[in-house]
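Please open the structure in a viewer and keep the selection panel at hand. The tour below proceeds from one selection to the next.

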Amino acid sequence: MQYWINHNGVQSGPMDLDGLKEMGLTSSAYVWHEGLTDWVKITQLPELQGLYDIPVGTPVEPQPVENISTADASQPTPPAAAEPGEAIQGQPYQQPSQPYQQPSQPYRQPVAGEPCPPTNLAWAIITTVLCCLPAGVVAIVYALKVTNKYNEGDIEGAKRASEIGAWWCIASIILGILTMPLVSMISSLATSGLQ
Amino acid sequence: MRRTLVIILALAAIIVGCFIYYAFDPSSSTLFPQCTFLSLTGYKCPGCGSQRAIHALLHGDLVEAFKYNALLLIAISWIGLCLYAESQRTRNPRLYMRLNAPLLIWLFLALTLLWWLLRNIFNW
């Protein structure tokens, strides 16, 4: 059985159960397969139980699923003008002018709909204002890098920048917590020694 | 489940922090940590004065808070917006992308660097 997905307003498919599991879907996703008249919530299909809301980092177990070739000209297409209710409050990330492209031919891989990796901007600002060491400024620069790379279509680069930025935030917090009491102690010792 | 726990812990930490910074004045107490950057270099960092500003803010004194650290008030509202957008990301992905637009991040970066430079020149 081949499935089409609409997750956070981004449509992709067709794919088999293994492909579904790897997509990291949440219970807010909508699904369609041949035989259904319209999109249904992923939670409504009993055969898809356990394929969504998988915690990040869980290894995907290989399952014996029949492998259907994805490049088949006689592929069915999802219902036209697919608007699965409240799934679309925002529009797809990279194609604001045409929210729903009807797949004229089956996709080989998910559409360019991968969400932008976290920019960590909130944490970057928090560390800038509260952690003294100006490492937070570097984290802001990396937040900028994430969105720039994502807008260029370089998702791998955006992910890397996101990770490096997160490490700058963590380093800033740890260094701040470690050094601030130490410096305070030394300076108070110095002033009491002078008196 | 894990997310709820993290939110509860974060809220608890914020409430405890607010209580401490409300009850004690960082400018007269020696218990509060001092800025490492200021101690090492003699120059203020963009976050210097944040503790005193939070104390003033918790006592409702916006002007005093602004005098201690002008960036803090802007930063707090910005952080609040960012966290809200992040919590609403699945429902409203456009708000997140708008808040994280390069232009806005540039603006905040420029503001931070400018504040850092000017406060050391004019001793704000």
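Which residues of chain B does A:Ile125 touch, not counting residues up to four places away in sequence? In this predicted model, select A:Ile125 and then add B:Ala75, B:Trp78, B:Ile79 and B:Phe108, for these are the residues that A:Ile125 touches once residues up to four places away in sequence are set aside.

**The largest nonpolar core**

Next, add A:Ala124, A:Ala139 and A:Ala143 to A:Ile125. These four touch the most other members of the largest nonpolar core, which has 44 residues. To see where this core draws its residues from, select in chain A helix H2 (121–130), helix H3 (135–152) and helix H4 (155–194). In chain B, select helix H3 (50–58), helix H4 (62–68), helix H5 (70–87) and helix H7 (102–122). Each of these helices gives two or more residues to the core. The greatest contribution comes from H3(A), with nine residues.

**A separate core**

Now select A:Trp4, A:Leu20, A:Trp32 and A:Trp39. They are among the 14 residues of another core, which lies apart from the largest one.

**Where the two chains meet**

Colour the model by chain. Here 36 residues of chain A are in contact with 33 residues of chain B. On the side of chain A that touches chain B, the elements giving two or more residues are H2, H3 and H4 of chain A. Colouring that side by class shows 21 nonpolar and 15 polar residues, and no charged ones.

**The sheet of chain A**

Turn now to the strands of chain A. Four of them form an open sheet in the order S2-S1-S3-S4, with antiparallel pairing. Why is one side of strand S2 (10–15) and of strand S4 (40–41) left without a neighbour in the sheet? Both strands stand at the edges and have a single partner strand each, so one side of each remains free of a neighbour in the sheet.

Select strand S1 (residues 3–7) and strand S3 (residues 30–33) of chain A: these pair in the antiparallel sense over four bridges. Within this pair, A:Trp4 has A:Trp32 of S3(A) as its bridge partner, and A:Tyr3 stands opposite A:His33 in S3(A).

Finally, move to S3(A) and S4(A), which run antiparallel and are joined by two bridges. Select A:Tyr30 together with A:Lys41, its bridge partner in S4(A).

Terms used
Residues numbered from 1 in each chain as written. Chains lettered and ligands numbered in written order. Predicted model: local features only at pLDDT ≥ 70, side-chain atom pairs only at ≥ 80, totals over all residues. Core = buried A, V, L, I, M, F, W, Y, C linked by C-beta atoms within 7 Å. Buried ≥ 20, exposed ≤ 12 C-beta atoms within 10 Å, placed from the backbone. Contact = placed C-beta atoms within 7 Å. Nonpolar A, V, L, I, M, F, W, Y, C, P; charged D, E, K, R; others polar. Pairing = 2+ DSSP bridges.
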